Amino acid sequence: MGSLTRRLAESIVSLEYKKIPTAAVETVKRGFIDCIGVMFAGRDEPVVKLLLNENLYSEKKEARILFDRSMTSSPDAALLNATAGHALDYDDVAIDGHPSVVLVPAILAEGERLRASGAELIAAYVAGYEVWGELASRDEDKYHAKGWHPSGVFGAVAAAAAGARLAKLDAGRTAHAIAAAASMS
């Protein structure tokens, strides 16, 4: 129970939408709107076209590629949407990184696959954001100054936290999801 991973997992599992402050819900909504806007702005960038040319259109029709109207697997939709969202580097900045462009594409893709409600999407964002913030707060030095990109380091763990929240995993499985993501970030 004492490990950071376990404490984070327990906080994710216990998070309730109805207890999220109204101001936080409004901030999350702005994060979604901003991220979707930059996805559309970045949709014609070469890196996005490169991924589209790699035939990421899976036979699985789980989630939308927002700027394309096509459907593909949830992981591929998240990758394509996140790439479009970050291609121009216009995405939001907080906690020394770009949380929305990591969280929103993953949440939208998994949320669509799982048929999650809007409230569940918002709670998942809060879960991911809180995990990102907790991890970032544990280091006195800025990650950028040390040559690391916080979006890549913390983003994987935050997205796993958001996905675990959407999937309604118990604390043990949530801890495993966080740990697996941390080992790959």
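## A walk from the core to the surface

Start by selecting F154: leaving aside residues up to four places away in sequence, F154 touches W132, L135, A136 and Y143. Keep in mind as you look around that this is a predicted model.

Now widen the view to the core. F154 is among the residues with the most contacts inside the largest nonpolar core, and the others to pick out are I20, F32, I107, Y125 and V131. This core has 45 residues. To see where they come from, color the helices α1 (4-14), α2 (22-42), α3 (46-53), α4 (74-86), α5 (99-114), α6 (118-137), α7 (150-167) and α8 (171-184), each of which gives two or more residues to the core. Which element gives the largest share? That's α6, with 11 residues. As a bit of background, nonpolar side chains tend to be buried together in soluble globular proteins.

Next, select α5. This helix has 16 residues and reaches 22 Å from its first C-alpha to its last, close to the 22 Å expected at 1.5 Å a residue. Show its side chains and look for the buried ones: P99, S100, V101, L103, V104, P105, I107, A109 and G111. What do the buried residues of α5 pack against? Turn on α2, β1 (63-64), α4, α6 and α7 to see the partners. Then step just past the helix to R115, which follows α5 and has a positive phi, near 55°.

Time for some charged side chains. The count of salt bridges comes to nine, and here are some to visit.

- **R6 and E10.** Their side chains meet in a salt bridge at 3.4 Å, N to O. Both sit in helix α1, four residues apart, about one turn of the helix. R6 counts as partly exposed at 24% relative accessibility, and E10 is partly exposed too, at 28%.
- **E26 and K29.** Move to helix α2, where these two lie three residues apart, about one turn of the helix. Their side chains form a salt bridge at 3.6 Å, N to O. E26 is partly exposed, with a relative accessible area of 35%, and K29 is partly exposed at 37%.
- **E120 and K168.** This salt bridge is at 2.7 Å, N to O. E120 lies in helix α6 and K168 in the loop between α7 and α8, so the pair ties together parts that are 48 residues apart in sequence. Buried or exposed, what is K168? At 57% relative accessibility, K168 counts as exposed, while E120 is partly exposed at 22%.

For a last stop, select E16, K18 and K19, which are linked in a network of salt bridges.

Note on methods:
Residues numbered from 1 in each chain as written. Predicted model: local features only at pLDDT ≥ 70, side-chain atom pairs only at ≥ 80, totals over all residues. Heavy atoms only, no water. Core = buried A, V, L, I, M, F, W, Y, C linked by side-chain atoms within 4.5 Å. Buried < 20%, exposed > 50% of the residue type's maximum accessible area, 1.4 Å probe, protein only. Contact = heavy atoms within 4.5 Å. Expected span 1.5 Å × (residues − 1). Salt bridge = Lys/Arg side-chain N within 4 Å of Asp/Glu carboxyl O.
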